[in-house]
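Trainee: Could you take me through one part of this model in detail? I would like to look at the charged side chains around a single helix.

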Amino acid sequence: MKLFNKKHLKKLLIGSLAFSLFLGLTGCNKSPEERADKFADRVSDKLELNQAQEALLIDLKNSALEASLALKANKQTMHSDFEDLISLNSIDQDQMNQFADTNIELLHASIKSVVPSFVAFHASLNDEQKQQVIDFINKHKKDRD
């Protein structure tokens, strides 16, 4: 089995962070826009961002919000397609694989649409701010052992 090289690990980390952002935007009883604004405000306050970083954070927030709303819009179609599959007398493995592949492709496309904004924002952070993000992640991650 091949081990992940640094490039793959970096892509996995960026994808995981973008996906976490999506999940964060889908919780609570507030509108997606309100959740995105609250998230951006919290990041801005915690990292004490300058104006240039603030502008990049707003771009990231808008990209993530747009991707999140696109995924949410596809949710009903995904549920309908799944119900159609379940209602069949038997499910062909190829049909199920096609269903999964289609939805995974949508998720990947959404994540990839956010990556440029995320990379630009990350590049704007100084070493202290990056360390704050790492400390936050380490503090809030669950045991993986």
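Mentor: Happy to! A salt bridge here means a side-chain nitrogen of Lys or Arg within 4 Å of a carboxyl oxygen of Asp or Glu. Keep in mind that this is a predicted model. By that rule the count comes to one salt bridge. Its partners are Asp37 and Lys61, whose side chains meet at 2.7 Å, N to O. Asp37 belongs to helix 2 and Lys61 to helix 3 (residues 51-86), so the pair ties together parts that are 24 residues apart in sequence.

Stay with helix 2 and turn to the surface. Lys30, Lys38, Arg42, Lys46 and Lys139 form a positive patch there. Helix 2 (residues 32-47) gives the largest share of this patch, three residues, and Lys38 is found in that helix.

For a neighbouring topic, try helix 5. At the start of helix 5, Asn126 places a side-chain oxygen within 3.0 Å of the backbone nitrogen of Glu128. Helix 5 has 14 residues (residues 127-140), which should span 20 Å at 1.5 Å a residue, and the end C-alpha atoms agree, being 20 Å apart.

How values were computed: Residues numbered from 1 in each chain as written. Predicted model: local features only at pLDDT ≥ 70, side-chain atom pairs only at ≥ 80, totals over all residues. Heavy atoms only, no water. Helix = DSSP H or I, 4+ residues; strand = E, 2+ residues; numbered from the N terminus. Expected span 1.5 Å × (residues − 1). Polar contact = N/O pair within 3.5 Å; in protein donor to acceptor, adjacent residues only side chain to side chain. Patch = residues over 30% accessible without salt bridge, like charges linked within 9 Å, V, L, I, M, F, W, Y side chains within 5 Å. Areas by Shrake-Rupley, 256 points an atom, 1.4 Å probe, with all protein chains shown as cover. Lys, Arg positive; Asp, Glu negative; His and termini not counted. Charge placed at Lys NZ, Arg CZ, Asp CG, Glu CD.
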